[in-house]
Amino acid sequence: MKVLIVGAGFTGAVIARELANNGHVCHIIDQRDHIAGNCYTQRDKDTNIMEHIYGPHIFHTSDEEVWEYINNFGEFYPYINRVKTTYNGEVYSLPINLHTINQFYKKSFSPSQAKKWIEQIADNKIEEPKNFEEQALKFIGKDLYEAFFKGYTKKQWGCDPKKLPASILKRLPVRFNYDDNYFSHKYQGIPKDGYTSIIEKILEHENIKVQINTSFYKDMIKDYDHIVWTGKLDEWFDYSEGHLGYRTLDFIKYTEEGDYQGTAVMNYGNEKVPYTRISEHKYFTPWEKHEKTIYFKEYSRECGVDDIPYYPIRLVDDKTILEKYLQKAEREKNVTFAGRLGTYSYMDMDVTIKEALTLSKNILKKLDRI
Ligand SMILES: Cc1cc2nc3c(=O)[nH]c(=O)nc-3n(C[C@H](O)[C@H](O)[C@H](O)COP(=O)(O)OP(=O)(O)OC[C@H]3O[C@@H](n4cnc5c(N)ncnc54)[C@H](O)[C@@H]3O)c2cc1C
């Protein structure tokens, strides 16, 4: 069968490969001038540092199938994501752990002492948290909430945390030990040659034709038996039910001699600092040596029509619109909606790959029935 796949990110590439392995002919297009979607990496011309063009990407998973799959297409070096944050001119360790609590309150608590302390400062009057702010106050109290969540969340989502659902913060966001590993998955790493090389290898198959600088137009449909759409869900339906809301990011790049901040990611908790974080990319490849450095200030704002959609907002209005599009999508028998844009959901790379592998099986069954 002939399949058109719109979007050459992880989703499109994995699906193309699975279908191609089963004898189908895949034509994969992308409107950008490169493959790999938002995971695109390339060496900076001036410094030779591996640059994560659409923001830093660290691979982490506990899924054996996904880890085995990705390792077929590139070599991963171990990497532990350790994030720091600056608040009121002081630097703290994240996620909030025993070190953070001891730094913040100038104490030397043991785990059990810290637990008791947090229980005392948490807002016990809140029984049923109605929003994100109340949930955070109930868990960690006002001081830690303001230092580590309030300003950052406001900048990231462009709204008061009182407007965000409590469900965002499901568990107590505190560790009562000195573990500052941002992720708790079994496997964590960065590909030695970047993500673009991995996706290039996934797409290296005689049944796959890749075409970049190519936007989808509806007339293409007639030449194919099936379409896999990893673009925006609302775009497929010409925005007939309205626009699904996204946040976009602006990255301002700086190049300097030596080091800038001594670590890969530094968050900024104060609301008056306009950016959310600074990432210094040579720290994502600690096995390489670079005399110069590149770093990026990251600013979050509402996504306009010509901006790159990064994070789905998924507030109440968006969910109402989403429901309408999902009903329409259900009726499109020859189209599979996939990936972060096609399903309007935030997905890490491991989840993206897992979903793409599962979807491929469904598509293969559909193609068998045609
Ligand atoms: C700032 C940021 C940091 C992240 N960090 C991490 C991390 O550390 N670890 C992690 O696991 N995940 C991370 N992610 C998530 C990761 O980026 C996604 O899991 C991944 O990009 C999803 O792949 P995708 O193929 O679904 O979407 P995309 O990568 O967005 O690919 C979709 C592609 O479709 C193309 N397209 C869309 N519409 C059309 C059209 N009409 N015609 C032609 N082409 C079209 C686009 O150009 C794009 O290339 C991060 C995401 C963001 C936003």
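Q: What makes strand S1 (residues 2–6) and strand S2 (residues 25–29) a pair?
A: In this predicted model, S1 and S2 run in the parallel sense and share five bridges. Two strands count as a pair if at least two bridges are found between them, so S1 and S2 qualify with their five bridges. Within S2, histidine 27 is the residue opposite leucine 4.

Q: Which strands are the edge strands of the open sheet, and what makes them so?
A: The sheet has five strands in the order S10-S2-S1-S11-S17, with parallel pairing. Strand S10 (208–211) and strand S17 (335–337) each pair on one side only, and they are the edge strands. From one strand to the next, the twist averages 15°.

Q: How do you know that H1 packs on the sheet?
A: Contact requires heavy atoms within 4.5 Å, and H1 touches S1, S2, S10 and strand S11 (226–229). The direction of H1 makes about 165° with that of S2.

Q: Why does the ligand count as having a polar contact with the side chain of arginine 340?
A: A polar contact needs a pair of N or O atoms within 3.5 Å. An oxygen atom of the ligand is 2.7 Å from an N or O atom in the arginine 340 side chain, and therefore the pair meets the cut-off.

Q: What makes aspartate 348 a polar partner of the ligand?
A: An N or O atom in the side chain of aspartate 348 is 3.1 Å from a nitrogen atom of the ligand, so this pair also satisfies the limit of 3.5 Å. Of the accessible area of 1000 Å² that the ligand has on its own, the protein covers 97%.

Q: Which helices each supply at least two residues of the shell around the ligand?
A: They are helix H1 (10–21), helix H9 (339–342) and helix H10 (349–369). Of the 33 residues around the ligand, those that come nearest are Thr11, Asp30, Arg340, Met347 and Met349. The shell has 14 nonpolar, 14 polar and five charged residues.

Q: What makes the peptide bond between leucine 94 and proline 95 notable?
A: Most peptide bonds are trans. The bond joining leucine 94 and proline 95 is cis, with omega about -20°. Proline 95 is located in the loop between strand S8 (90–93) and helix H3 (98–105).

Q: What is the phi of asparagine 88, and where does this residue lie?
A: Most residues other than glycine have a negative phi. Asparagine 88 is not a glycine, yet its phi is positive, about 50°. Its place is the loop between strand S7 (83–87) and S8.

Definitions and conventions: Residues numbered from 1 in each chain as written. Predicted model: local features only at pLDDT ≥ 70, side-chain atom pairs only at ≥ 80, totals over all residues. Heavy atoms only, no water. Near = heavy atom within 4 Å. Polar contact = N/O pair within 3.5 Å; in protein donor to acceptor, adjacent residues only side chain to side chain. Areas by Shrake-Rupley, 256 points an atom, 1.4 Å probe, with all protein chains shown as cover. Helix = DSSP H or I, 4+ residues; strand = E, 2+ residues; numbered from the N terminus. Nonpolar A, V, L, I, M, F, W, Y, C, P; charged D, E, K, R; others polar. Axes fitted to C-alpha atoms, helices over the stretch in contact; angles between N-to-C directions.
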